[in-house]
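Grab a pencil and work through these exercises one at a time. Try each task yourself before you read its solution.

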Amino acid sequence: MNQDNEIHQVKTHLVRLLKEEARCARALSKSLEAERAALNSLDEKLITINSAQKQKLIETLQAASSARVKFMEVNSISSHPAAVNDYVISKSSGTDAELNILFIQLSEIAQQCFHENRLIGQLINRRTQFIAKTIASLSPTASMQSLTYGENGNSINTMEPVNSLFHLAKI
(Lines give C-alpha, C1' and ligand atoms only; values in the text may rest on other atoms or scores of the structure.)
Protein backbone atom coordinates (compact mmCIF):
# COMPACT_ATOMS: atom_id res chain seq x y z
CA MET A 1 0.00 0.00 0.00
CA ASN A 2 2.87 2.35 0.81
CA GLN A 3 4.37 1.85 -2.66
CA ASP A 4 1.01 2.66 -4.31
CA ASN A 5 0.78 5.83 -2.23
CA GLU A 6 4.31 6.81 -3.24
CA ILE A 7 3.55 6.22 -6.93
CA HIS A 8 0.38 8.28 -6.58
CA GLN A 9 2.35 11.14 -4.99
CA VAL A 10 4.97 11.03 -7.76
CA LYS A 11 2.28 11.09 -10.44
CA THR A 12 0.42 13.91 -8.68
CA HIS A 13 3.58 16.00 -8.51
CA LEU A 14 4.32 15.20 -12.14
CA VAL A 15 0.82 16.42 -13.06
CA ARG A 16 1.57 19.75 -11.33
CA LEU A 17 4.86 20.09 -13.15
CA LEU A 18 3.24 19.28 -16.50
CA LYS A 19 0.45 21.79 -15.90
CA GLU A 20 3.01 24.51 -15.21
CA GLU A 21 5.03 23.56 -18.27
CA ALA A 22 1.89 23.55 -20.44
CA ARG A 23 0.88 26.96 -19.03
CA CYS A 24 4.31 28.37 -19.94
CA ALA A 25 4.19 26.79 -23.39
CA ARG A 26 0.72 28.26 -24.06
CA ALA A 27 1.96 31.71 -23.05
CA LEU A 28 4.93 31.32 -25.42
CA SER A 29 2.63 30.20 -28.22
CA LYS A 30 0.45 33.30 -27.73
CA SER A 31 3.58 35.46 -27.69
CA LEU A 32 4.77 33.94 -30.97
CA GLU A 33 1.35 34.63 -32.52
CA ALA A 34 1.59 38.25 -31.29
CA GLU A 35 5.12 38.53 -32.70
CA ARG A 36 3.94 37.33 -36.10
CA ALA A 37 1.08 39.86 -36.04
CA ALA A 38 3.49 42.64 -35.02
CA LEU A 39 5.88 41.70 -37.82
CA ASN A 40 3.00 41.68 -40.31
CA SER A 41 1.90 45.14 -39.17
CA LEU A 42 5.51 46.42 -39.00
CA ASP A 43 4.79 47.85 -35.55
CA GLU A 44 8.34 48.44 -34.24
CA LYS A 45 7.26 49.25 -30.69
CA LEU A 46 5.15 46.10 -30.44
CA ILE A 47 7.95 44.01 -31.97
CA THR A 48 10.43 45.33 -29.39
CA ILE A 49 8.07 44.82 -26.44
CA ASN A 50 7.09 41.34 -27.60
CA SER A 51 10.72 40.35 -28.17
CA ALA A 52 11.60 41.09 -24.52
CA GLN A 53 8.47 39.32 -23.30
CA LYS A 54 9.15 36.33 -25.53
CA GLN A 55 12.66 35.96 -24.10
CA LYS A 56 11.27 35.90 -20.55
CA LEU A 57 8.65 33.32 -21.56
CA ILE A 58 11.32 31.13 -23.15
CA GLU A 59 13.38 31.27 -19.95
CA THR A 60 10.31 30.44 -17.84
CA LEU A 61 9.42 27.51 -20.11
CA GLN A 62 12.99 26.22 -20.02
CA ALA A 63 12.94 26.36 -16.22
CA ALA A 64 9.60 24.51 -16.08
CA SER A 65 10.85 21.89 -18.55
CA SER A 66 14.10 21.44 -16.62
CA ALA A 67 12.19 21.01 -13.35
CA ARG A 68 9.97 18.33 -14.93
CA VAL A 69 12.89 16.49 -16.55
CA LYS A 70 14.91 16.61 -13.33
CA PHE A 71 11.93 15.31 -11.34
CA MET A 72 11.46 12.50 -13.84
CA GLU A 73 15.16 11.58 -13.67
CA VAL A 74 15.19 11.60 -9.84
CA ASN A 75 12.15 9.31 -9.89
CA SER A 76 13.65 7.02 -12.58
CA ILE A 77 11.09 8.00 -15.23
CA SER A 78 12.51 8.05 -18.71
CA SER A 79 11.55 11.05 -20.84
CA HIS A 80 11.40 8.90 -23.99
CA PRO A 81 7.78 9.01 -25.30
CA ALA A 82 7.32 5.23 -25.21
CA ALA A 83 8.71 5.03 -21.68
CA VAL A 84 6.46 7.89 -20.56
CA ASN A 85 3.47 6.05 -21.99
CA ASP A 86 4.50 2.87 -20.16
CA TYR A 87 4.87 4.84 -16.92
CA VAL A 88 1.47 6.49 -17.30
CA ILE A 89 -0.25 3.13 -17.63
CA SER A 90 2.06 1.30 -15.17
CA LYS A 91 -0.23 1.38 -12.14
CA SER A 92 -3.88 2.14 -11.68
CA SER A 93 -4.31 5.69 -10.49
CA GLY A 94 -6.71 8.57 -10.95
CA THR A 95 -3.85 10.68 -12.31
CA ASP A 96 -3.11 8.37 -15.27
CA ALA A 97 -5.68 9.87 -17.62
CA GLU A 98 -4.67 13.37 -16.61
CA LEU A 99 -0.97 12.59 -17.14
CA ASN A 100 -1.69 11.19 -20.56
CA ILE A 101 -3.79 14.23 -21.53
CA LEU A 102 -1.14 16.63 -20.24
CA PHE A 103 1.68 14.95 -22.17
CA ILE A 104 -0.47 15.07 -25.33
CA GLN A 105 -1.36 18.73 -24.74
CA LEU A 106 2.26 19.64 -24.15
CA SER A 107 3.24 17.91 -27.38
CA GLU A 108 0.50 19.75 -29.30
CA ILE A 109 1.50 23.13 -27.85
CA ALA A 110 5.13 22.44 -28.73
CA GLN A 111 4.03 21.75 -32.32
CA GLN A 112 2.08 25.05 -32.36
CA CYS A 113 5.16 26.92 -31.13
CA PHE A 114 7.30 25.22 -33.76
CA HIS A 115 4.78 26.15 -36.47
CA GLU A 116 4.53 29.80 -35.33
CA ASN A 117 8.31 30.05 -35.08
CA ARG A 118 8.67 28.66 -38.62
CA LEU A 119 6.13 31.19 -39.94
CA ILE A 120 8.00 34.02 -38.20
CA GLY A 121 11.26 32.80 -39.72
CA GLN A 122 9.73 32.69 -43.20
CA LEU A 123 8.31 36.18 -42.76
CA ILE A 124 11.66 37.56 -41.61
CA ASN A 125 13.51 35.78 -44.43
CA ARG A 126 11.13 37.21 -47.06
CA ARG A 127 11.50 40.71 -45.65
CA THR A 128 15.28 40.34 -45.47
CA GLN A 129 15.44 39.17 -49.10
CA PHE A 130 13.17 42.02 -50.19
CA ILE A 131 15.32 44.59 -48.40
CA ALA A 132 18.53 43.07 -49.79
CA LYS A 133 17.11 43.15 -53.33
CA THR A 134 15.87 46.70 -52.84
CA ILE A 135 19.29 47.85 -51.64
CA ALA A 136 20.95 46.01 -54.52
CA SER A 137 18.61 47.70 -56.99
CA LEU A 138 19.73 51.11 -55.73
CA SER A 139 23.36 50.32 -56.41
CA PRO A 140 24.90 52.17 -59.40
CA THR A 141 25.92 48.81 -60.87
CA ALA A 142 22.45 47.29 -60.55
CA SER A 143 20.66 45.88 -63.56
CA MET A 144 17.00 46.46 -64.34
CA GLN A 145 16.25 42.81 -63.60
CA SER A 146 16.71 43.46 -59.89
CA LEU A 147 13.83 45.96 -60.08
CA THR A 148 11.23 43.58 -61.52
CA TYR A 149 9.49 41.03 -59.31
CA GLY A 150 7.02 38.27 -60.03
CA GLU A 151 3.99 37.37 -57.91
CA ASN A 152 6.06 35.03 -55.76
CA GLY A 153 8.54 37.81 -54.88
CA ASN A 154 11.39 36.50 -57.04
CA SER A 155 13.06 38.78 -59.52
CA ILE A 156 12.06 38.36 -63.16
CA ASN A 157 14.84 38.01 -65.69
CA THR A 158 14.58 40.84 -68.22
CA MET A 159 15.89 40.48 -71.73
CA GLU A 160 17.73 43.80 -71.73
CA PRO A 161 19.91 44.38 -68.66
CA VAL A 162 20.88 47.98 -67.96
CA ASN A 163 24.16 48.96 -66.33
CA SER A 164 22.64 51.44 -63.90
CA LEU A 165 19.38 52.69 -62.49
CA PHE A 166 20.57 56.09 -63.44
CA HIS A 167 20.68 55.22 -67.15
CA LEU A 168 17.81 57.62 -67.88
CA ALA A 169 19.92 60.48 -66.55
CA LYS A 170 22.52 59.68 -69.21
CA ILE A 171 19.99 60.09 -72.06
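A residue is called buried when its relative accessible area is under 20%, exposed when it is over 50%, and partly exposed in between (1.4 Å probe, protein chains only). You're looking at a predicted model, in which local features need pLDDT of at least 70 and side-chain atom pairs count only at pLDDT 80 or more, while totals for chains, interfaces and linings use all residues. Residues are numbered from 1 along each chain as its sequence is written, and side-chain values use heavy atoms, with hydrogens and water left out.

**Exercise 1. The overall layout**

Task: Work out how many helices and strands the protein chain has, and what share of its residues is buried.

Solution:
- Step 1. Helices (H or I, at least four residues) and strands (E, at least two) are DSSP runs, numbered from the N terminus.
- Step 2. Counting them gives five helices and zero strands, so the pattern along the sequence reads α-α-α-α-α.
- Step 3. Of the 171 residues in the protein chain, 29% are buried.
- Step 4. Now look at contacts, meaning heavy atoms within 4.5 Å. Among contacts with a separation of 6 or more, 63% join residues 24 or more positions apart.

**Exercise 2. The nonpolar core**

Task: Find which helix gives the most residues to the largest nonpolar core.

Solution:
- Step 1. Start with the term: a nonpolar core is a set of buried Ala, Val, Leu, Ile, Met, Phe, Trp, Tyr and Cys residues joined through side-chain atoms within 4.5 Å.
- Step 2. The largest one here has 25 residues, and Leu14, Leu18, Leu28, Leu99 and Phe103 have the most contacts inside it.
- Step 3. Two or more residues come from each of helix 1 (2-41), helix 2 (44-74) and helix 4 (95-137).
- Step 4. Helix 1 is your answer, as it gives the most, with 11 residues.
- Step 5. Zoom in on Leu28: leaving aside neighbours within four places in sequence, Leu28 is in contact with Lys54, Leu57, Ile58, Leu61 and Cys113.

**Exercise 3. Buried or exposed?**

Task: Sort Val10, Asn50 and Ile135 into buried or exposed.

Solution:
- Step 1. Val10 lies in helix 1, and with a relative accessible area of 12%, Val10 is buried. The C-alpha atoms of Val10 and Phe71 are 8.9 Å apart, although 61 residues separate the two along the chain.
- Step 2. Asn50 sits in helix 2 and is buried, because its relative accessible area is 4%. Not counting residues up to four places away in sequence, Asn50 touches Ser31, Ala34 and Glu35.
- Step 3. Ile135 belongs to helix 4, and its 56% relative accessibility makes it exposed.

**Exercise 4. Cysteines**

Task: State how many disulfides the whole structure contains, and decide whether Cys24 and Cys113 are buried or exposed.

Solution:
- Step 1. A disulfide is a covalent bond between the sulfur atoms of two cysteines. The cut-off for the pair of sulfur atoms is within 2.5 Å.
- Step 2. Searching the whole structure turns up zero disulfides.
- Step 3. Cys24 is buried at 3% relative accessibility, and Cys113 is buried too, at 11%.

**Exercise 5. Salt bridges**

Task: Say which residues pair up with Lys19, Arg23 and Lys54 in salt bridges.

Solution:
- Step 1. Side chains of opposite charge can pair when their charged atoms come close. For a salt bridge, a side-chain nitrogen of Lys or Arg must be within 4 Å of a carboxyl oxygen of Asp or Glu.
- Step 2. The structure holds five salt bridges. In one of them, Lys19 meets Glu98, at 2.9 Å from N to O. Glu98 is in helix 4 and Lys19 in helix 1, so this pair ties together parts 79 residues apart in sequence. Glu98 is partly exposed at 30%, and so is Lys19 at 43%.
- Step 3. Arg23 pairs with Glu20, with the closest N and O atoms 2.6 Å apart. The two are three residues apart in helix 1, so about one helical turn separates them. Arg23 is partly exposed at 43%, and Glu20 is partly exposed at 33%.
- Step 4. Lys54 meets Glu35, at 3.0 Å from N to O. This pair links distant parts of the chain, with Lys54 in helix 2 and Glu35 in helix 1, 19 residues apart. Lys54 counts as buried at 17%, and Glu35 is buried at 10%.
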